Amino acid sequence: MNKQEFLSELKERLSGLPQEDVAERIGFYSEMIDDRIEEGLSEEEAVAEVGSTDDVVSQIVSELPLASLIKEKVRPRRTLRAWEIVCLILGSPIWLSLLITAFAAMLSLYVAVWSVLISLWAVGGAFVGCFIGGVLASVVFTALLENAAAGVAMLGAGILCAGLSIFTFLLCNICLKGILILTKKTFLGIKIAFVGKERAK
């Protein structure tokens with residue numbers, strides 16, 4: 001792919017973004033390719049080094065705030081006619097309630113996932129408490145009550161709880177990373193959906 005083909009495809013893929021952002025990004029990648037050509041690469045090699053348009057579009061969209069994409073999407077391209085305004089107003093009880101329901105469902109799902117993660121952290125904290133309690137109980141049973149068997153049993157239970165707390169905290173860290181990656185990909189998907197819908201027009 002040569003420079004012109006790359007920039008044309010990139011411009012088409014970014015057509016749902018604000019025009020000033022598109023022009024700025026096209027200029028940036030044009031300069032980047034020119035710099036690599038000046039370093040001695042061929043035009044095709046310079047374009048290949050920049051990356052695929054999919055990667056570039058994902059990078060650009062991830063850097064832009066969602067608010068600017070929504071603002072560009074909802075900006076009217078023309079003045080609405082009277083009958084369109086009437087239809088929007090009359091249909092608002094339906095489309096607005098559906099929009100609120102969809103948002104509430106997504107928000108409740110997201111909150112539920114975080115609630116499970118917080119519960120896992122609480123379980124890990126409880127295991128740490130049990131470990132400390134088991135060690136203290138083993139000292140009490142062994143030294144004060146002179147019951148070595150109960151002391152060893154308490155120490156064993158405490159060590160078991162320590163192992164379970166380590167396992168639980170490792171699981172919590174894995175889940176936390178997964179939730180953060182899922183959140184990032186979800187927002188990127190929403191942004192790309194805004195750009196893609198605009199491009200399809």
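How are α1 and α4 oriented to each other: oblique, roughly parallel or roughly perpendicular? In this predicted model, α1 and α4 pack at an angle of about 45°, with 10 Å between their axes. That angle is neither under 35 degrees nor in the 65 to 115 range, so the two helices are oblique to each other. Welcome to a short tour of this helix pair, with a stop at a loop residue further along.

**The α1 and α4 contact**
- Helix α1 covers residues 3-13, and helix α4 covers residues 53-63.
- The two helices cross in a right-handed sense.
- From α1, the residues Phe6, Glu9, Leu10 and Arg13 take part, and they meet Thr53, Asp54, Val56, Val57 and Ile60 of α4.
- By type, the residues of this contact comprise five nonpolar, one polar and three charged.

**The two sides of α1**
- Lys3, Phe6, Leu7, Leu10 and Arg13 are the buried residues to look for in α1.
- Viewed down the axis of α1, these buried residues lie within an arc of 125°, so they line one face of the helix.
- Gln4 and Lys11 sit on the other side of α1, where they are exposed.
- Phe6, Leu10 and Arg13 are worth selecting in your viewer: they are buried and also take part in the contact with α4.

**A loop residue with positive phi**
- Glu146 lies in the loop that runs between α6 (82-144) and α7 (148-200).
- Most residues other than glycine have a negative phi.
- Glu146, in contrast, has a positive phi, near 50°.
- Glu146 has a relative accessibility of 70%, over the 50% cut-off, and therefore counts as exposed.

Notes
Residues are numbered from 1 along each chain as its sequence is written. This is a predicted model: local features need pLDDT of at least 70, side-chain atom pairs count only at pLDDT 80 or more; totals for chains, interfaces and linings use all residues. Side-chain values use heavy atoms; hydrogens and water are left out. Axes are lines fitted to C-alpha atoms, for helices over the stretch in contact, and angles run from 0 to 180 degrees between N-to-C directions. Helices (H or I, at least four residues) and strands (E, at least two) are DSSP runs, numbered from the N terminus. Angles under 35 degrees count as roughly parallel, over 145 as roughly antiparallel, 65 to 115 as roughly perpendicular and the rest as oblique. A crossing is left-handed if the near helix is turned anticlockwise from the far one by less than a right angle, and right-handed if clockwise. Contact means heavy atoms within 4.5 Å. Ala, Val, Leu, Ile, Met, Phe, Trp, Tyr, Cys and Pro count as nonpolar, Asp, Glu, Lys and Arg as charged, and the others, Gly among them, as polar. Buried means under 20% relative accessible area, exposed over 50%, partly exposed in between (1.4 Å probe, protein chains only). The arc is that of the directions from the helix axis to the C-beta atoms.
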